[in-house]
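Please report on the charged pairs, the cores and the unusual backbone sites of this protein. Keep it brief and tied to the model.

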Amino acid sequence: PVPNVTPLDPKTTVSDDFNRADGGLGASWATVTGTFSIVSNRYQQTNGSVNGFARYETDLSSTDHYSQVSFAVLPASGQGGIGAEVRYSSSADTHYGGIAYKIVSGSSYKIIWKWVAGTRTDLVNTATTLPSAPFPVKLDVSGSTLTLYHNGSSVASTTDTSITTGTRAGIYGYQSGGTAQGDDFIASDGLSSNKPRILILQ
């Protein structure tokens, strides 16, 4: 008989709800820049002089994947941002990111950026209206296309070919004069489409 052949995409999913004692992020994370901690079951980055990044130290199955984090607490004063990073190098500060950023006395912003060996380039940086917290911030990368989502809706998309490797994901945090907290990190290659397929014989 002819076997039943089902094509399946390779898929790895990693997540962290930060529901543990106050303190460091833990062994699953590597802090690349900044000072990260868990406070009341959420994460925050308290070094106001740098953009803070932490990388989850498990590889996904593909360079096409997404990363998502909840903007759990928006700053009530000062400014701050939360974001999700994709195609994170395992050995360098090289990655793409999708950000939601609030300046209390000014505007809020949607940002897609790239960092190559620690050097920042903004691909999208536009004023926007942020949803009420909490809301998810997600960046999806598929081939050269990067799509940023706030609260489940696409708010920006662009293309870039600078970073073609990197199978880890991460988080962004920044606050100055206020408190910005993130929560509920998840990353997976389950949504992006340009991946090899595996045939499962049943």
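Arg-20 is partly exposed in this predicted model. Its relative accessible area is 32%. The side chain of Arg-20 forms a salt bridge with Asp-16, at 2.8 Å from N to O. Asp-16 has a relative accessibility of 9%. Buried means under 20%, so Asp-16 counts as buried. This bridge therefore joins a partly exposed arginine to a buried aspartate.

The search of the whole structure finds seven salt bridges. Three of the pairs are set out below, with the relative accessibility of each partner.

| Pair | N to O distance | Accessibility of the Arg | Accessibility of the Asp |
|---|---|---|---|
| Arg-20 and Asp-16 | 2.8 Å | 32% | 9% |
| Arg-87 and Asp-64 | 2.8 Å | 4% | 4% |
| Arg-120 and Asp-122 | 2.8 Å | 35% | 32% |

Take Arg-87 and Asp-64 next. Their side chains meet in a salt bridge of 2.8 Å, N to O. The pair links distant parts of the chain, 23 residues apart. Arg-87 belongs to strand E8, while Asp-64 sits in the loop between strand E6 (52-56) and strand E7 (65-73). What is the relative accessible area of Arg-87? It is 4%, so Arg-87 is buried. Asp-64 is buried too, with a value of 4%.

Arg-120 and Asp-122 have another setting. Asp-122 is partly exposed at 32% relative accessibility. Arg-120 is also partly exposed, at 35%. Elsewhere, salt bridges link Arg-55, Glu-57, Asp-59 and Arg-168 in a network.

Now a buried acid without such a partner. Glu-85 lies in strand E8, which covers residues 79-88. Is Glu-85 buried or exposed? Glu-85 is buried, and it has no salt bridge. The nearest side chain of opposite charge is that of Arg-120, 9.8 Å away. A salt bridge needs a nitrogen and a carboxyl oxygen within 4 Å, so Arg-120 does not qualify as a partner for Glu-85.

Which side chain makes a polar contact with that of Glu-85? The contact is with His-95, at 2.7 Å. His-95 is also among the residues that Glu-85 touches beyond four places away in sequence. Others in that set include Phe-53, Ser-67, Tyr-96, Trp-113, Ile-171 and Tyr-172.

Some of these neighbours lead to the nonpolar cores. The largest core has 34 residues. Ile-171 is one of the residues with the most contacts inside this core; Phe-18, Leu-25, Trp-29, Tyr-43, Phe-71 and Phe-185 are the others. Strand E12 (residues 135-142) gives the most to this core, with four residues. A second, separate core has nine residues, including Phe-53, Tyr-101, Trp-113 and Trp-115. Glu-85 therefore touches members of both cores: Ile-171 and Phe-53 are examples. In soluble globular proteins, nonpolar side chains tend to be buried together.

The backbone has its own special sites. Most residues other than glycine have a negative phi, and most peptide bonds are trans. Ala-133 and Pro-134 are joined by a cis peptide bond, with omega about 0°. Pro-134 lies in the loop between strand E11 (119-128) and E12.

Ser-40 has a positive phi of about 55°, although it is not a glycine. Ser-40 is found in the loop between strand E4 (36-39) and strand E5 (42-45). The relative accessible area of Ser-40 is 47%, so this serine is partly exposed.

Asn-151 also has a positive phi, near 60°. Its place is in the loop between strand E13 (145-150) and strand E14 (153-159). Asn-151 counts as partly exposed, at 44% relative accessibility.

Ala-117 takes a positive phi near 50° in the hairpin of E10 and E11. Two residues lie between these strands. How many bridges join strand E10 (residues 108-116) to E11? There are nine, and the strands run antiparallel. Tyr-109 has Ala-127 in E11 as its bridge partner.

Last, the chain as a whole. Its secondary structure comes to zero helices and 17 strands. Of the 202 residues, 46% are buried. Among contacts between residues at least 6 apart in sequence, 65% join residues at least 24 apart.

How values were computed. Residues numbered from 1 in each chain as written. Predicted model: local features only at pLDDT ≥ 70, side-chain atom pairs only at ≥ 80, totals over all residues. Heavy atoms only, no water. Buried < 20%, exposed > 50% of the residue type's maximum accessible area, 1.4 Å probe, protein only. Lys, Arg positive; Asp, Glu negative; His and termini not counted. Polar contact = N/O pair within 3.5 Å; in protein donor to acceptor, adjacent residues only side chain to side chain. Contact = heavy atoms within 4.5 Å. Core = buried A, V, L, I, M, F, W, Y, C linked by side-chain atoms within 4.5 Å. Pairing = 2+ DSSP bridges.
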